[in-house]
Each structure stands twice: as C-alpha cells, then as structure tokens.
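Let us take a walk through this structure together. Keep the 3D view open as you read.

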Amino acid sequence: AVLRLTQGRLNVLTGPNGTGKSTTINLILGLLRPQEGAVLYNGKDIRDYTTATLLSQFAIVEQEPFVFQGTLLDNITLGRDISEDTVRRYLHDFALDYLMAGDGDLSLKIGAKGRALSSGEKQRLALIRALAGQPSVIILDEPTSNIDYASSALIRSVMHDLSAHHLVICVSHDPAITADDSANTFHIEHGNYLQRHSL
C-alpha cells in the first residue's frame with residue numbers, strides 16, 4: 001500500500017476503528033518500523049534521521065490534550081525559548097485573547113488549581129503549543145472530537161491555512177473533515193489506503 005502525503009492540502013486519514021490509522025501515524029513518527037517497504041520523509045528513509053531531528057520536525061496534537069498546573073505561558077512554551085509576543089499572536093489567532101489580562105499578561109493559572117479549560121480551549125491551546133515549536137509536520141488526532149461548534153470551525157479553518165506551509169495530517173471521523181472535497185483524503189481499511197479523488 002502506498003500513502004503519499006503532500007504539503008499544500010490538508011491530508012486526512014479516516015476509516016473504522018482498528019483498521020490501521022494509529023499504526024500509520026506511529027510509522028510516520030518512526031515509532032514503528034515497517035515490516036516491508038519504507039517510510040520516506042523529504043525523499044529520505046525516516047530510519048536515516050536521528051530521533052532528535054524527527055522530534056524537532058514533527059508535532060502531534062492528541063485527541064485529549066494535557067494541561068498541567070501552571071501558567072498559560074508555561075503550558076504553551078513547555079520551557080522552550082519562545083517569545084511572549086509570539087505566544088500572544090497565537091492566542092489572538094486562535095481566539096483565546098480573553099485568557100490574557102488586558103495588558104497581555106500570560107500569568108493566568110490554569111490546570112488543577114487554576115482556571116478550568118473547556119475541551120475546545122484545550123484543543124486550541126494544544127495546537128498553539130505544537131505550532132510554537134515551528135514544526136514542519138503537524139499531526140492531529142481527532143482534533144474536533146467533543147468540542148463546541150465554534151472551536152471546531154476555527155480548527156478546521158486553521159488546519160487548511162497551515163497546510164500551505166506545513167505538512168498537516170489529520171486523523172478524523174468528523175464528516176465536516178472527511179467529506180471536505182478540498183482535502184487529500186485516504187480511507188484506511190484492512191491496511192489499504194483508498195484515496196478519495198478530490199477537487
């Protein structure tokens with residue numbers, strides 16, 4: 001089976017549970033080795049890259065993003081050298097300005113002892129966290145699952161925008177994503193990748 005994922009359009013992986021979506025993602029991330037064939041990234045076997053290189057190039061946004069007890073800034077930067085202005089810009093782009101104080105303060109406490117975030121807010125924060133690391137490849141696992149309509153619509157729009165400059169891979173059962181004719185969609189079944197011809 002051949003799966004060609006390209007920058008320029010959103011790449012969507014869909015299909016019934018247990019048919020190989022998670023396995024495919026683990027192969028792409030280099031967490032599993034193919035029994036035959038190869039996984040190529042920029043034309044080079046992924047096994048030829050160091051783990052550090054792959055970690056710097058790939059970002060994954062889980063279906064259930066974690067938020068730890070700490071400040072808004074800490075939850076986004078994770079100790080990385082990322083400017084506060086960059087964080088503020090992302091918060092604005094993802095309509096989370098209201099989590100900052102009027103002067104752009106990023107010290108809001110969130111997590112167990114701080115402000116509780118909704119599922120939609122967590123998903124948007126996780127996407128900001130991923131983008132702040134400047135990855136080349138962004139993988140999203142069910143990004144619109146169990147979130148409100150406004151957050152879902154925003155994330156769908158952002159995914160398409162990001163596809164212009166990143167390789168974006170979305171695993172989803174959401175009809176709003178899987179039926180999108182502008183996306184590069186693959187239905188995975190019994191280990192086979194069936195590409196839906198799109199616009």
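A good place to begin is a single rung of the ladder between two strands: Asp141 has Val171 of E8 as its bridge partner. Please keep in mind that this is a predicted model.

From that rung, the view opens onto the strands themselves. E7, which spans residues 137–141, and E8, which spans residues 167–171, run parallel to each other and are joined by five bridges. E7 has another neighbour as well: strand E4, residues 58–61, pairs with E7 in the parallel sense through four bridges. Here you can look for Phe58, whose bridge partner in E7 is Val137. How much of E7 is covered? Four of its five residues are buried, so to speak of E7 as mostly covered is fair.

Now step back to the whole chain. Its secondary structure amounts to seven helices and 10 strands. With a radius of gyration of 17 Å, close to the 16 Å given by the globule rule for 199 residues, the protein chain is as compact as a globular protein of that length. Along the principal axes, its C-alpha atoms occupy a box of roughly 55 × 35 × 30 Å.

Contacts tell you how the chain is put together: counting those between residues at least 6 apart in sequence, 66% link residues at least 24 apart. Of the 199 residues, 45% are buried.

Finally, turn to the outside. The accessible surface is about 10,500 Å², and carbon and sulfur atoms account for 50% of that area. As for charge, the protein chain carries 17 positive and 22 negative side chains, with the centres of the two sets 3 Å apart.

Conventions:
Residues are numbered from 1 along each chain as its sequence is written. This is a predicted model: local features need pLDDT of at least 70, side-chain atom pairs count only at pLDDT 80 or more; totals for chains, interfaces and linings use all residues. Side-chain values use heavy atoms; hydrogens and water are left out. The radius of gyration is taken over C-alpha atoms; the globule rule is 2.2 Å times the number of residues to the power 0.38. Buried means under 20% relative accessible area, exposed over 50%, partly exposed in between (1.4 Å probe, protein chains only). Contact means heavy atoms within 4.5 Å. Accessible areas come from the Shrake-Rupley method with a 1.4 Å probe; for residues, only the protein chains shown count as cover. Lys and Arg count as positive and Asp and Glu as negative; His and the chain ends are not counted. The place of a charge is taken as NZ of Lys, CZ of Arg, CG of Asp or CD of Glu. Two strands pair if DSSP finds at least two bridges between them.
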